[in-house]
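Dear colleague,

I am handing over the structure below, and after it you will find my notes on what turned up when I went through it. Please read them with the coordinates open beside you.

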Amino acid sequence: MAEARSDILRATGLHKHYRLGGEDLHVLRGVDLAVRHGEWLAILGASGSGKSTLLHLLGGLDRPSRGEVQFTGQSIFAMSNGALDRYRNQQVGFVFQFYHLLPEFSALENVVVSAAITPSTLSWLRMRRQRRQEAAELLARLGLGERLKHRPAKLSGGERQRVALARALINQPAVLLADEPTGNLDAQTGGQILDLLRDLHRQGQTIVMVTHDEKVAVAADRRLHLEAGRLV
Amino acid sequence: MYKLQIILRYLRRRIMPLIAMLAVMLCTAMVLIVLSIMGGFLNMMTGALQRLEADVTVEADITGFPHYEALLADFQKLPEVAAASPVIRSFGLVSLPGETQRATYPVEILGVDPASLNQVVPFESTLFWHASNIRQWVDLLQPFADQEAPNDPQRLRYHTLKGWLDQGSFRQLTMALLGSDMPKPAPAIVMGIEVNPQNIRDVYGHYDILNNRTIGSPVTLTVLPISEHGMPQDPEAREVTVVNDFKSGLYEIDRNRVFVPFKLLQSMLKMTAAPQINMDTGKPTGRTIAARASMILVKGKAGVPLEQLHEAVRHSVRRAIADYPDLNGRLSVSTWRERHEKFLNAVANERNLVTFLFAVISLVAFVMIALVFYMIVLEKTRDIGVLRALGAGQLGIAGIFLGYGLIIGILGALLGLAVALAIVTNINQIQTFLATHLGVTTFYVGLELALGVPVAAVEAVVWWRLKRRYPDGRPGVWAAWMAGVLAVVGLIGLAGGFWYLHDHTSLATWLDATISWEMWRPDVYYLDRIPSQVAPVDIAWVVPLSIVCSVLGSLIPAIMAARLNPVEALRYE
Ligand SMILES: Nc1ncnc2c1ncn2[C@@H]1O[C@H](COP(=O)(O)OP(=O)(O)OP(=O)(O)O)[C@@H](O)[C@H]1O
Ligand SMILES: [Mg+2]
């Protein structure tokens with residue numbers, strides 16, 4: 001029972017096929033995974049091994065061909081569409097491999113948008129000021145206090161990734177899913193991001209990080225390897 | 001809530017919404033312009049008809065019918081009737097004075113009682129000359145005032161017209177002259193403005209006053225009396241004075257119709273009461289032949305349906321026939337709708353056709369908007385993926401694009417309305433400009449291009465050189481300088497062109513005569529101007545319809561966007 005409580009995210013028998021024309025690409029071939037509350041888990045794997053695919057399934061962005069993902073014991077793909085939308089917005093913070101910020105929005109707005117998605121119009125009008133304030137503070141904490149009004153195009157890669165991180169954290173998610181958070185950054189900026197993750201982890205944030213870089217993975221508590229569609 | 005934020009941001013940032021808005025704007029403007037002008041023509045035609053036609057007309061053949069006074073009194077007593085007026089209708093000739101010889105034209109002649117006629121149709125307001133537009137004409141005649149020869153026609157006209165003008169309201173005077181039996185200097189006639197072919201409209205649609213040789217002049221009116229038995233008798237000719245012209249707006253009418261006093265035409269046609277003469281003996285029989293008229297025009301009271309009025313008049317006619325058996329079989333009663341059924345049906349047909357065309361145009365507009373939105377969705381696919389990944393629902397995504405369509409629809413439709421209003425209300429000025437000033441404009445534009453293009457080419461080379469030599473230079477300053485030079489050259493060119501044309505007016509005239517585009521010739525068409533009003537009714541349905549079309553056009557792309565798989569969308573390049 002105690003173990004079940006501490007497993008925040010659990011994947012069982014995950015399969016994912018991609019169909020390209022007539023070809024069938026079997027990327028995940030029965031992945032089993034349990035993420036414990038508060039742990040920092042690193043998933044290592046070669047390029048194309050299916051790391052992003054796995055993370056997308058954990059985050060409820062895509063549906064598996066077979067198998068299921070449970071969040072605190074509840075199967076996320078059995079939920080209604082609305083509940084799954086809320087799961088993505090509230091329980092999961094997703095940091096993408098390629099930042100994926102909205103180009104028309106400033107750094108601050110990119111973070112605020114994530115906070116504005118779930119609340120109804122009325123409740124958002126009531127809390128807007130406060131949430132903006134929170135977003136600004138969060139960005140300041142990540143060292144972007146001077147960059148709130150900048151658009152993504154005006155930011156460096158490291159800055160963009162920090163905005164993406166702030167966006168993932170604004171709703172205080174139960175799990176932070178980070179897809180190669182340092183993959184597109186030089187060693188130094190990558191190091192800064194890792195330091196931030198380390199701080200978060202120290203504060204009790206559950207983190208699942210995907211990387212192909214052993215040096216990055218050493219920061220985590222636990223490392224798993226994705227090979228031939230399975231975790232080892 | 002994030003949706004509105006995103007919609008507003010997308011509106012400000014991208015070229016696509018501008019294109020979409022342009023599409024909506026152009027479609028709205030096009031529909032409104034076509035509708036206003038086409039509908040305007042039809043309305044002008046039907047309006048002109050209604051100015052000419054009484055609600056109900058009672059008429060006989062050209063020999064006329066007796067006892068019209070009794071009928072008239074009966075009609076006036078009907079509760080449905082507001083006014084009734086007797087008319088004699090015949091055909092004849094008018095001979096107009098000319099430089100060397102008189103010109104004679106066949107016309108339809110209406111003998112009218114202007115006071116009662118004006119209660120049945122707005123006759124007075126169709127009179128063309130009124131105090132202000134006749135005054136300039138009289139001023140032009142002023143030089144003839146002190147002509148030596150006392151019988152000089154222009155001198156006589158001047159004094160006639162001046163005398164009329166001095167009596168106050170020119171139109172009211174016309175009505176009085178037409179109403180009295182024997183005015184001076186001769187009985188009055190009001191001619192259709194196009195009866196005199198010298199009355200030509202210029203390219204502005206105005207009547208060239210100097211060529212009008214009839215107003216204030218004597219003309220000769222010839223009619224052919226027809227006996228009560230339908231036998232033509234000796235022609236009757238009378239000299240009458242043109243006291244005014246009238247203009248209904250329908251060329252066919254204005255070209256053929258003249259009005260004279262009822263009593264005058266009645267006596268010329270020998271339709272007045274007369275002692276009956278025995279054909280064989282040539283002696284009076286002691287009985288009288290009743291005076292005749294050929295039609296009675298009836299106007300209904302406001303709010304009385306046309307059919308009810310029609311029925312009341314018909315009933316009254318039937319009673320009159322019982323009293324006067326000699327009326328039997330001579331009278332027909334018809335409404336203006338019946339009399340112009342062909343024309344009104346043609347108008348209705350035209351409207352149906354236009355509606356069909358609009359259905360096609362709307363479809364095109366709809367597809368255009370859908371395409372533009374499809375492209376917006378493609379362009380924004382990655383953002384859609386991001387939003388979905390962040391937890392936005394399918395409805396939320398669809399809502400973004402529908403809201404986007406709504407706002408673009410509203411803005412585009414309002415802009416289209418503004419464009420349509422600007423074009424339609426100025427259509428006659430645009431027409432005049434294209435017909436009369438295009439040549440000189442082309443000259444100026446050509447001059448500017450001839451000067452500007454080489455200067456701009458040189459500047460481009462200079463720019464390129466500067467850029468190479470000073471890679472860290474200040475392009476803003478260079479651009480400002482170059483724009484300044486271009487502007488100065490342009491102004492010098494304009495001033496030079498203006499100065500040159502000022503001294504060579506024949507060149508300007510030649511240019512305007514040679515380079516012109518007449519989308520419309522006011523001097524030849526039935527109507528003298530292009531309708532220039534946008535009907536509020538049309539606005540009331542076209543503008544909301546464009547907005548609805550725009551939302552519907554965004555519907556399919558919105559559904560498409562909502563159904564995107566977030567991961568696929570994120571991978572989209
Ligand atoms: N939507 C898709 N359709 C078809 N094939 C896909 C799709 N998504 C992923 N793939 C394929 O699945 C495999 C795994 O992709 P995935 O992005 O999960 O790899 P990855 O481990 O994250 O690689 P990298 O380290 O390069 O990011 C790849 O071969 C990829 O081409
Ligand atoms: Mg990947």
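I begin in chain B, where strand S3(B) and strand S4 (residues 103-112) run antiparallel and are joined by 10 bridges. Please keep in mind throughout that this is a predicted model. Within that pairing, Ile88(B) has Gly111(B) of S4(B) as its bridge partner.

S3(B) also pairs elsewhere. Strand S12 (residues 295-300) of chain B is joined to S3(B) by 6 bridges, and the two run antiparallel; here Ser85(B) finds its bridge partner in Leu297(B) of S12(B). S6(B) pairs with S3(B) as well, in the antiparallel sense and over 4 bridges, and in this case Leu93(B) stands opposite Thr222(B). As for its surroundings, S3(B), which spans residues 81-96, has 12 of its 16 residues buried, so the strand is largely enclosed by the rest of the structure.

One loop residue in chain B also deserves a look. Asn196(B) lies in the loop between strand S5 (188-192) and strand S6 (218-223) of chain B, and yet, with a relative accessibility of 2%, Asn196(B) counts as buried. Its C-alpha atom is separated by 9.5 Å from that of Val94(B), although the two residues are 102 residues apart along the chain.

Turning to chain A, there are two open sheets to describe. One of them has 4 strands in the order S2-S1-S4-S5, with antiparallel pairing. Strand S2 (23-36) and strand S5 (74-75) of chain A stand at its edges with a single partner strand each, so that one side of each is left without a neighbour in the sheet. Strand S1 (residues 7-20) of chain A runs antiparallel to S2(A), to which it is joined by 11 bridges, and Asp7(A) stands opposite Arg36(A) in that pair.

The other open sheet is formed by 6 strands of chain A in the order S6-S7-S8-S3-S9-S10, and its pairing is mixed. Its edge strands are S6 and strand S10 (230-231) of chain A, each of which pairs on one side only. S6(A) and strand S7 (residues 175-179) of chain A pair in the parallel sense over 4 bridges; Val92(A) has Val175(A) as its bridge partner in S7(A), while Gly93(A) stands opposite Leu176(A). Along strand S6 (residues 92-95) of chain A, Val92(A) and Phe94(A) point one way and Gly93(A) and Val95(A) the other way, and all are buried.

Two helices of chain A are also worth your attention. In helix H4 (residues 107-116) of chain A, 10 of the 10 residues are buried, so the helix is largely enclosed by the rest of the structure; among these buried residues are Glu109(A), Asn110(A) and Ser114(A), together with Leu108(A) and Val111(A). In helix H6 (residues 157-169) of chain A sits Glu159(A), which is buried at a relative accessible area of 14%. The side chains of Glu159(A) and Arg147(A) are joined by a polar contact of 3.0 Å, and, leaving aside residues up to four places away in sequence, Glu159(A) touches Leu144(A) and Arg147(A).

Finally, how do the two chains meet, and how many residues of each are in contact? On chain B there are 24 residues in contact with 24 residues of chain A, and the area buried between the chains is about 2,400 Å², with carbon and sulfur atoms giving 60% of it. The interface holds 2 salt bridges and 6 residue pairs in polar contact, counted where both residues are at pLDDT 80 or more. In one of the salt bridges, the side chains of Lys380(B) and Glu104(A) meet at 2.5 Å, N to O. On the side of chain B that touches chain A, helix H1 (2-13), helix H13 (381-389) and helix H20 (566-571) of chain B each supply at least two residues, and the residues of that side divide into 12 nonpolar, 5 polar and 7 charged.

With kind regards

Note on methods. Residues numbered from 1 in each chain as written. Chains lettered and ligands numbered in written order. Predicted model: local features only at pLDDT ≥ 70, side-chain atom pairs only at ≥ 80, totals over all residues. Heavy atoms only, no water. Contact = heavy atoms within 4.5 Å. Buried area = accessible area lost by both parts, 1.4 Å probe. Salt bridge = Lys/Arg side-chain N within 4 Å of Asp/Glu carboxyl O. Polar contact = N/O pair within 3.5 Å; in protein donor to acceptor, adjacent residues only side chain to side chain. Nonpolar A, V, L, I, M, F, W, Y, C, P; charged D, E, K, R; others polar. Buried < 20%, exposed > 50% of the residue type's maximum accessible area, 1.4 Å probe, protein only. Pairing = 2+ DSSP bridges.
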